[in-house]
Amino acid sequence: MKILVCVKRVLDPQVKARVKADGSGVDLANAKMTMNPFDENALEEALRLREAGTAEEIVVVSIGAGKTEETLRHGLAMGADRAINVVTEDVLEPLAIAKVLKAITDQEAPGLVLAGKQAIDDDSNQTAQMLAALLGWSQGTFVSDLKIEGDTATTIREVDSGLETIAVKMPAVISVDLRLNEPRYVKLPDVMKAKRKPMDKIELESLGLDTANRMTTLKVEEPEGRAAGIIVESVSELVEKLRNEAKVI
Amino acid sequence: MSNLIVVEHDNNEVAAATLHAITAAQQIGGDIDLLVAGENCGAAAEAATKIAGVSTVKVADNAMFGHHLAENLASLIVDIAGDYSHVLVSATTFGKNIMPRAAALLDTAQISEIVEVVSADTFIRPIYAGNALATVQSSDSIKMITVRTIKFEPAAAEGGSASVEAITGGADSGLSSWVSAAGSNTDQVDLTSAKIVVSGGRGMQNGDNFAMLHSVADKLGAAVGASRAAVDSGFVPNDFQVGQTGKVIAPDLYIAVGISGAIQHLAGMKESKVIVAINNDSEAPIFQVADYGLVADLFDAVPEFDAAL
């Protein structure tokens, strides 16, 4: 089985997003960027499936221009066999991304598509579900445990009420949660090896898709900050403040 | 304008989250219909008819909707969405699972986790773990929306008298099937609607120590939550998690115990009215958002706090 893993280049999760002064978006110039953490979990799971003999080939795909290639090289260094970079300067919405990924899925014919449950920049949590819809495939979302037997993937989903187990028919699109696994660290020899692995570049226009944005971002602003609080000296002072000042207990 | 709200329910009761989504629809304006899809869901449908301001409750009662599998439910939404200008659902794991699938089938973008209705086509939504707020205007003919519940008051669950319309969906997709569910957190106060939440982080050291927090929570009528670090470490199950990728909550009082305050955690609780932080590290970022900070060893402070209540 071939597995397609969808990855996105995002602002490093340890870096606090700064809104641009003109309100046009978040300032990413010179910011530290990384592979979306959930996508790393997705790739790690694909690698483990290959190590277990369930999969033979792992292909990582990402959409973007310029340094998107760096993120794909990181995926190759983790262990993916090859990479596909759909090149565009446009910032696509999840629906358009799903259309692009459908086109790549049609070309590659994987038995499974894995992706992170959400990208930590846009926080949309849409792409995997949309891709499953466009393909007419089953979906397993927010997955923290995955077992594949024959043409069935048994997934444990992290839901608000706890855990839910569903069986999905393969081929499937599965979006993963952080507790699925612990992504491996990349070693220097793997980084060197990754430089020689194949990376296909596909111009977005060549796919002939309608990827026009449906939404216009009118402005981006910082949320109101919280006023500075106080440090209390003792538990009794804390209880007194909560009772008499904040009146919340 | 006309709004359809996809009701989250357990076949018996309507989830509180849905009432918040209905308020968002009221702010958009126009008629409000509800969709109750489930198996033997008559009680939930009946409860839905009583919600104030609802015109019609569309009920699809069929085994294939029993466990809210995304494939069947999304198809059903697509069947009826054409009658509406807005389709809304709560931004819970229920809504996040089904709505994008329905939106894509309609070749429509989804507007995720709105926190404010600016106008019928313009909404504010948080991005970057809530560190930025984007105002977005949709050009789609149907607006497919998930609603972040904490920013909208719940609609009144009583006082309405909506009519009921039975509808049927297509055939079962056969693409997925429900196997089992494990609820770990059923005994305690609901985390998402609790007025007070006591949360523990990595500093709790192990799951047994959460008994201290449960004791405090019992006295305050509070729910117990946790940071991702505590869940990852196996101290408590995933449904305790508060944060960017867990539950986003806004109680009147949030007590963070042994939580350092990573960006991802703050995203889930910084809208709380009053925040208390108890941590032995005075440099911990949680103190920057806390109204009341106590720099102390939690293993001394929490029992003392408990005794003082």
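I take two residues to be in contact if their C-beta atoms, placed from the backbone, lie within 7 Å, and I keep to that cut-off throughout these entries on a predicted model.

**Helices on the sheet.** With that cut-off I looked up helix α8 (residues 298-308) of chain B, which lies across β14 (253-257), β15 and β16 of chain B and runs at about 135 degrees to β15(B). I then turned to helix α6 (residues 235-245) of chain A, which lies across β13 of chain A as well as β15 (274-279) and β16 (292-295) of chain B, at about 170 degrees to β16(B).

**The sheet itself.** I followed the strand order and found an open sheet of six strands, β13(A)-β16(B)-β15(B)-β14(B)-β12(B)-β13(B), with parallel pairing. Which strands stand at the edges? I noted β13 (230-232) of chain A and β13 (223-226) of chain B there, each with a single partner strand, so that one side of each is left without a neighbour in the sheet. From one strand to the next the twist averages 25 degrees. At the chain B end I checked strand β12 (residues 196-200), which pairs with β13(B) in the parallel sense over four bridges, and where Gly200(B) stands opposite Ala226(B) in β13(B).

**Between the chains.** I also looked up an antiparallel pairing, in which strand β9 (residues 162-169) of chain A meets strand β11 (residues 176-183) of chain B over seven bridges; Leu163(A) stands opposite Ala182(B) in β11(B). For the contact as a whole I recorded 65 residues from chain A and 69 residues from chain B. On the chain B side of this contact, I listed 34 nonpolar, 23 polar and twelve charged residues.

**Domains of chain B.** The domain assignment gives domain 1 (2-166) and domain 2 (196-308) for chain B, and I found their centres, taken over C-alpha atoms, to be separated by 31 Å. How many residues of each are in contact? I found four residues of domain 1 of chain B in contact with nine residues of domain 2 of chain B, and the domain 1 side divides into two nonpolar, one polar and one charged.

**The nonpolar core.** I looked up the largest nonpolar core, which has 195 residues, and noted that those with the most contacts inside it are Val5(A), Val60(A), Ile5(B), Val36(B) and Val276(B). From each of the two domains of chain B, this core draws at least three residues. I closed with Val276(B), which, leaving aside its neighbours within four places in sequence, is in contact with Leu238(A) and with several residues of chain B, including Leu253(B), Ile255(B), Ala290(B) and Tyr292(B).

Technical notes
Residues numbered from 1 in each chain as written. Chains lettered and ligands numbered in written order. Predicted model: local features only at pLDDT ≥ 70, side-chain atom pairs only at ≥ 80, totals over all residues. Pairing = 2+ DSSP bridges. Helix = DSSP H or I, 4+ residues; strand = E, 2+ residues; numbered from the N terminus. Axes fitted to C-alpha atoms, helices over the stretch in contact; angles between N-to-C directions. Nonpolar A, V, L, I, M, F, W, Y, C, P; charged D, E, K, R; others polar. Domains from an automatic or database assignment. Core = buried A, V, L, I, M, F, W, Y, C linked by C-beta atoms within 7 Å. Buried ≥ 20, exposed ≤ 12 C-beta atoms within 10 Å, placed from the backbone.
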